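Student: Could you take me through one part of this structure slowly, and show me how the pieces around that part fit together?

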Amino acid sequence: QEEKMVFASLFEKSMEKSKSKVSKQKNRKKNKRKTTDNSESYEISRNSSVQPSVKKRPRVEKVRRERIQPSREALQLSARLKELSSQKRLKQALSLYQEKSNDSIRDSHHACIVIDCAARCGSIKIGENILADMKKNKMSITVETYTALLKGYAHSGMLHKGFSLFKEMCEIGN
């Protein structure tokens with residue numbers, strides 16, 4: 001009982017200290033404003049003392065890619081493949097993925113779902129074959145696709161293959 005009371009009082013004191021630290025940090029941020037010169041950046045506090053601040057890295061512009069909205073058919077295919085993958089129904093997922101009617105809408109996202117399904121079912125060879133077909137057909141292979149195959153390697157205990165795939169990912173720069 002006595003130990004619990006000591007622990008509770010120590011806990012309350014530590015909470016008070018952390019609250020005071022947070023409020024001090026907020027006050028510091030409010031009291032400082034930044035001004036920039038062509039060459040350096042300075043912080044000016046309310047008491048008018050000027051200190052040079054640490055220069056930050058320049059912002060890297062992110063390349064914006066135009067997002068193409070997927071068609072309704074592509075979304076339906078994705079939903080159906082995800083459903084089959086969650087139910088571990090690899091044969092049905094493969095047949096749906098490989099249907100001729102889906103040739104025009106099939107993309108790397110759909111392949112990723114099927115590779116994930118193969119990984120869940122322990123059929124790594126099928127996932128490898130899909131990735132090889134993607135490379136052969138010059139489809140864009142995303143990080144998610146590689147990660148789905150890596151997951152399969154990890155679950156199957158094929159750590160050497162997983163490591164070599166990871167090296168390949170790093171070399172490609174995905």
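Tutor: Let us begin with one pair of side chains, where arginine 106 lies over the face of tyrosine 97, at 5.0 Å from the ring centre. Please keep in mind throughout that this is a predicted model, and that a ring with a charge over its face is a separate matter from two rings that pair, of which a search of the whole structure finds 0.

Tyrosine 97 is a useful starting point, since Tyr97 belongs to the residues of helix 3 that meet helix 2, and Tyr97 is also listed among the residues of helix 3 in contact with helix 4. Before following those two contacts, it helps to have the whole chain in mind: the secondary structure comes to 7 helices and 3 strands, and read along the sequence these follow the pattern α-β-β-β-α-α-α-α-α-α. Of the 174 residues of the protein, 25% count as buried. Among the contacts with a separation of 6 or more, 46% are accounted for by residues 24 or more positions apart.

Now to the packing itself. Two packed helices are described by the angle between their axes and by the distance between the axes. For helix 2 and helix 3, the axes come within 9 Å and cross at roughly 160 degrees. An angle over 145 degrees counts as roughly antiparallel, and helix 2 and helix 3 are therefore roughly antiparallel to each other. Helix 2 passes helix 3 in a left-handed crossing, and the residues that meet are Leu77, Arg80, Leu81 and Leu84 on the side of helix 2, with Gln92, Ala93, Leu96 and Tyr97 on the side of helix 3.

The loop between these two helices also deserves a look, because lysine 88, which is exposed with a relative accessible area of 53%, is found in that loop. The phi angle of lysine 88 is near 55 degrees, a positive value in a residue other than glycine. Helix 2, which covers residues 72-86, also holds leucine 75. Leucine 75 is partly exposed, at a relative accessible area of 48%, and its C-alpha atom is separated by 9.4 Å from the C-alpha atom of isoleucine 105, a residue 30 positions away along the chain.

Moving on along the chain, the axes of helix 3 and helix 4 (residues 108-121) come within 10 Å and cross at roughly 160 degrees. That angle makes helix 3 roughly antiparallel to helix 4, and this crossing is left-handed. The contact is made by Leu90, Ala93, Leu94 and Tyr97 of helix 3, together with His110, Ala111, Val114, Cys117, Ala118 and Cys121 of helix 4.

Valine 114 lets us see this part from the side of helix 4, where it lies. Valine 114 has a relative accessible area of 1%, and since under 20% is the cut-off for buried, valine 114 counts as buried. If we leave aside its neighbours within four places in sequence, valine 114 is in contact with Leu81, Leu90, Ala93, Leu94, Tyr97 and Ile130. Two of these names take us back to what we have already met: Leu81 is one of the residues with which helix 2 meets helix 3, while Tyr97 is the residue whose ring has arginine 106 over its face. The C-alpha atom of valine 114 is also separated by 7.4 Å from that of glycine 127, 13 residues apart along the chain.

Finally, we can carry the same way of reading further along the chain. Lysine 138 lies in the loop between helix 5 (124-136) and helix 6, where its phi is near 55 degrees, a positive value in a residue other than glycine, and lysine 138 is exposed, with a relative accessible area of 74%. Helix 6 (residues 143-156) and helix 7 (residues 159-172) pack at an angle of about 165 degrees, with their axes 8 Å apart. That makes helix 6 roughly antiparallel to helix 7, and helix 6 passes helix 7 in a left-handed crossing. Among the residues that meet here are Tyr146 and Leu150 of helix 6, and Leu165 and Met169 of helix 7. Methionine 169, found in helix 7, counts as buried at 10% relative accessibility, and its C-alpha atom is separated by 7.5 Å from that of tyrosine 146, 23 residues apart along the chain.

How values were computed:
Residues numbered from 1 in each chain as written. Predicted model: local features only at pLDDT ≥ 70, side-chain atom pairs only at ≥ 80, totals over all residues. Heavy atoms only, no water. Phe/Tyr/Trp six-rings, centres within 6.5 Å; stacked < 30°, edge-to-face > 60°. Lys NZ or Arg CZ within 6 Å of the ring centre and 35° of its normal. Helix = DSSP H or I, 4+ residues; strand = E, 2+ residues; numbered from the N terminus. Buried < 20%, exposed > 50% of the residue type's maximum accessible area, 1.4 Å probe, protein only. Axes fitted to C-alpha atoms, helices over the stretch in contact; angles between N-to-C directions. Parallel < 35°, antiparallel > 145°, perpendicular 65-115°, else oblique. Left-handed = near helix turned anticlockwise from the far one by under 90°. Contact = heavy atoms within 4.5 Å.
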